[in-house]
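Subject: Handing over the two-chain model

Dear colleague,

I am passing on the structure below, together with an account of what I found in it. Please read the notes with the coordinates open beside you.

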Amino acid sequence: MSSEPRYFEDFHIGQRFAFGHYEVTKAEIIAFAKEFDPQPHHLDEEAAKHSMLGGLSASGWHICAMTMRIVVDGVFGKAESRGGAGVEDCRWLKPVRPSDVLRVEAEILELTPHPRKPLGFARMQWNVFNQREQVAMMINTPIFARRDGP
Amino acid sequence: MSVRYFEDIAIGTKQVLGSYTFTEDAIMDFARKYDPQPFHIDREAAARSFYGGIIASGWHTIAVFMKLAVASRESAPADQRRAAAGVSPGFENLLWHKPVRPGMTLTYSTCVLETVELKSRPEWGLVKTRIEARDADGTLIMSFTGKGFVQRRPRK
């Protein structure tokens, strides 16, 4: 595991990062859902039992947001990030429930320097694990990083 | 016709979900909780950054899609409302084309791309939808392919 890479040149293919310890609460699941995804399976325990998810679960967009927080608090908060370009693929694989504890393992799949600008793309896979060691969400995403130099 | 089932969803169907104005307060509030990078939460740092000012977290831009999608479904006339829906296995090809700055209003729309029958879940079908957010000039700001399970028409 690497500590605090800042620039594109500090990354290499196959490099892995592990970070985060995010405790999911029922109050936060409901608060996010009220604002952005007010469907019964994210708001109401009783209604959620009868849904496809089988119990109160965080909105998938909330899982993305919590994952971003874990990643920003980890290495990328310190790196010279320019933000992301997008997400190639995101899969919600397991429901995220109250009292779950999330962490992220990230791996660099591909590195591409920008042909002209002092930037590079790092294509990464983020696996979001719960405390049962199940992958709750997988994201495949390219990020920008600044290149070192004058 | 009662509620709309998977079988009623036609490829190419377009729908405008609604519009949302990103205030600086809302941008910073979301970012402090979920994406506290300087260019989302700190005016001075944002001014010095690559973006030249505060921009919304991309995750905020996409969360607003869901907010408008749910509101649109709930306000639809009963005969145009989808049967049980809302659970999704994920999404693809999300692109944040342009930054979202305070005061910008985005209009979100959807277009049905593909409908897939599922052998593993005979009571459900998968609907893939192109989702776009455009600014007041019609410039594409964000797009992605959403996926959602929609209930199939009950067999008699």
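Read from its N terminus to its C terminus, chain A follows the order β-α-α-α-α-β-β-β-β-β, which comes to four helices and six strands. Please bear in mind throughout that this is a predicted model. Of the 150 residues in chain A, 38% are buried, and among its contacts between residues at least 6 apart in sequence, 69% join residues that are at least 24 apart.

Chain B, for its part, has four helices and five strands, arranged from the N terminus on as β-α-α-α-α-β-β-β-β. Its C-alpha trace spans about 65 × 30 × 25 Å along the principal axes. Of its 156 residues, 33% count as buried, and 68% of the contacts in chain B between residues at least 6 apart in sequence join residues at least 24 apart.

Within chain B, the pairing that involves strand 3 can be followed in both directions. Strand 1 of chain B, residues 14–21, runs antiparallel to strand 3 of chain B, residues 105–117, and seven bridges join the two; in this pairing B:G18 has B:Y108 of strand 3 as its bridge partner. Strand 3 of chain B is also joined by 10 bridges to strand 4 of chain B, residues 124–134, again in antiparallel fashion, and here B:S109 stands opposite B:E132 of strand 4. The connection between strands 3 and 4 of chain B is a hairpin that passes through six residues.

Turning to the interface, 28 residues of chain A are in contact with 24 residues of chain B. On the side of chain A that touches chain B, the elements giving two or more residues are helix 1 (26–36), helix 4 (60–73), strand 2 (81–84) and strand 3 (86–92) of chain A, and helix 4 of chain A gives the most, with eight residues. Sorted by class, that side of chain A has 14 nonpolar, seven polar and seven charged residues.

Strand pairing also crosses from one chain to the other: strand 3 of chain A and strand 2 of chain B, residues 90–96, run antiparallel and are joined by five bridges. If you would like one pair from which to begin in the viewer, A:G86 has B:L95, in strand 2 of chain B, as its bridge partner.

With best wishes

Definitions and conventions: Residues numbered from 1 in each chain as written. Chains lettered and ligands numbered in written order. Predicted model: local features only at pLDDT ≥ 70, side-chain atom pairs only at ≥ 80, totals over all residues. Contact = placed C-beta atoms within 7 Å. Nonpolar A, V, L, I, M, F, W, Y, C, P; charged D, E, K, R; others polar. Pairing = 2+ DSSP bridges. Buried ≥ 20, exposed ≤ 12 C-beta atoms within 10 Å, placed from the backbone.
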